[in-house]
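Reader: I'd like a close look at one part of this protein, namely its pockets and whatever surrounds them. Could you walk me through that in one go?

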Amino acid sequence: MEEKVIPGDGVVTGSATINQRLVYIFGRYQEGVDLCEQAIGRLLGAEGGSEQGAALAVLLATVGWLYIRLGRYEQAHQTFTRSRFFYSKSGSTPPPGHAGEPVLGLALLADVMGDYADAVELARQAQDAAIARGDIYNQSVACYVQASAAHAQGEYTAARRQAEQAYTLAAAIDSRWMMAYSLIISGNVASACGDFPEAEQHYTHSHVLQSELGNPEGIASAQLNLAGLAAMQRNYQDAERLFQDSHRLYREINDPGGQVRAHMGLGDVAQA
């Protein structure tokens with residue numbers, strides 16, 4: 001990183017952008033956690049009113065999303081809950097961009113943990129709030145979470161509809177980030193329904209967008225899904241190569257969950 005900009009030190013409203021640019025794109029999640037925790041500590045130790053509370057709310061939500069990437073789910077839940085408290089106390093609302101939105105963080109966390117009813121309910125709450133604020137980006141994220149939960153439960157029609165809505169909203173504001181992640185869900189739905197050509201099209205499109213963004217986690221996610229699709233079609237050589245590529249990227253950004261999924265895929269291919 002070329003600069004050590006700490007969200008909360010005079011640049012709170014831009015923290016979500018800083019978080020994506022300096023942390024997500026470079027895959028340096030722990031450094032992002034360290035920066036946010038330092039800023040949170042300073043704000044908690046200083047006197048202040050509603051502006052301080054609003055800054056804390058954004059920072060706590062931001063670090064909560066990073067905890068999810070590092071697999072620290074309990075800390076993420078606690079931090080998102082504290083963020084909601086400070087938003088309520090300060091009377092402020094999340095800025096555009098998912099990193100400042102704790103309810104969406106709790107929704108995604110519930111989805112990851114398999115609590116799908118809670119995931120959908122929280123996502124709908126966040127979606128309603130985003131609509132009221134005119135926040136199209138977070139509307140897209142809310143649809144994405146609902147699509148993911150529906151897919152996990154085998155509700156493929158609902159999953160397809162929500163994923164397409166997430167993509168449409170993201171495209172309306174030219175958010176290639178959310179477009180790319182929405183395409184993964186669309187690919188997952190197509191794959192589950194046996195439409196492998198459509199699934200490959202969605203995964204490949206996602207890979208192109210993530211490569212343009214330079215997002216290593218997104219690239220690895222697309223590769224992982226393309227690898228799984230290749231394995232399902234018994235294209236084991238392609239599957240092995242893609243699993244290895246995704247594992248390398250996940251290792252470089254210290255994403256433990258991704259490394260495990262890629263490693264499991266390699267094991268399945270070896271036994272095929």
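Author: Here's a walk through the pockets, followed by the salt bridges and a few spots elsewhere on the chain.

Keep in mind that this is a predicted model. The overall layout is simple to describe: the protein chain has 13 helices and zero strands. Read along the sequence, that gives the pattern α-α-α-α-α-α-α-α-α-α-α-α-α. Of the 272 residues in the protein chain, 53% count as buried.

Now for the largest pocket. About 1200 Å³ of space lies in it. Its lining is made up of 40 residues, and those nearest the centre are V112, Y144, E217, S221 and R261. Which helices build that lining? At least two residues each come from helix 3 (50-69), helix 5 (102-112), helix 7 (136-152), helix 9 (176-192), helix 11 (216-232), helix 12 (236-252) and helix 13 (256-271). By class, you get 24 nonpolar, eleven polar and five charged residues in the lining of the largest pocket.

Two of those names near the centre are worth following further. Take E217 to begin with. E217 forms a salt bridge with R69, and the closest N and O atoms are 3.6 Å apart. That pair links distant parts of the chain, since R69 sits in helix 3 and E217 in helix 11, 148 residues apart. Are these two buried or exposed? Both R69 and E217 are buried. As a bit of background, side chains of opposite charge can pair when their charged atoms come close.

The other name to follow is V112. V112 is among the residues nearest the centre of the largest pocket, and V112 also helps make a nonpolar surface patch of about 260 Å², together with Y73 and M113. Y73 belongs to helix 4 (residues 73-90). With 30% relative accessibility, Y73 counts as partly exposed.

On to the second largest pocket, where about 170 Å³ of space lies. Its lining consists of E200, L226, L229, A230, Q233, N235, D238, R241 and L242. Helix 11 and helix 12 are the elements that give two or more residues to this lining. Split by class, the lining residues of the second largest pocket are four nonpolar, two polar and three charged. So helix 11 and helix 12 turn up in the linings of both pockets, going by the two lists and the definition of a lining residue as one with an atom within 4 Å of a pocket point.

Within that second lining, D238 and R241 deserve a look as a pair. Their side chains meet in a salt bridge (3.8 Å, N to O). R241 and D238 are three residues apart in helix 12, so about one helical turn separates them. R241 has a relative accessible area of 42%, so it is partly exposed. D238 is partly exposed too, with a relative accessible area of 37%.

There's also a small salt-bridge network: E101, R133 and D135 are joined into one by salt bridges that share partners. Within it, the closest N and O atoms of R133 and D135 are 3.4 Å apart. What about their exposure? R133 is partly exposed at a relative accessible area of 28%, whereas D135 counts as buried at 6% relative accessibility. Across the whole structure, a search finds seven salt bridges.

The loop next to helix 12 has something to show as well. R234 lies in the loop between helix 11 and helix 12. Its phi is positive, about 65°, although R234 is not a glycine. At 67% relative accessibility, R234 counts as exposed. A second residue of this kind is D174, with a phi near 55°, again a positive value in a residue other than glycine. D174 is in the loop between helix 8 (156-172) and helix 9. Its relative accessible area of 59% makes D174 exposed.

One last spot is E121, which lies in helix 6 (residues 116-133). E121 counts as partly exposed, at 42% relative accessibility. E121 and Q146 are 25 residues apart in sequence, and their C-alpha atoms are 8.8 Å apart in space.

Note on methods. Residues numbered from 1 in each chain as written. Predicted model: local features only at pLDDT ≥ 70, side-chain atom pairs only at ≥ 80, totals over all residues. Heavy atoms only, no water. Patch = residues over 30% accessible without salt bridge, like charges linked within 9 Å, V, L, I, M, F, W, Y side chains within 5 Å. Areas by Shrake-Rupley, 256 points an atom, 1.4 Å probe, with all protein chains shown as cover. Salt bridge = Lys/Arg side-chain N within 4 Å of Asp/Glu carboxyl O. Helix = DSSP H or I, 4+ residues; strand = E, 2+ residues; numbered from the N terminus. Buried < 20%, exposed > 50% of the residue type's maximum accessible area, 1.4 Å probe, protein only. 1 Å grid on protein atoms, 1.4 Å probe; cavity = no way out; pocket = protein on both sides within 12 Å on 5 of 7 lines; lining within 4 Å. Points joined across faces, edges and corners; volume = space filled by probe spheres on them. Nonpolar A, V, L, I, M, F, W, Y, C, P; charged D, E, K, R; others polar.
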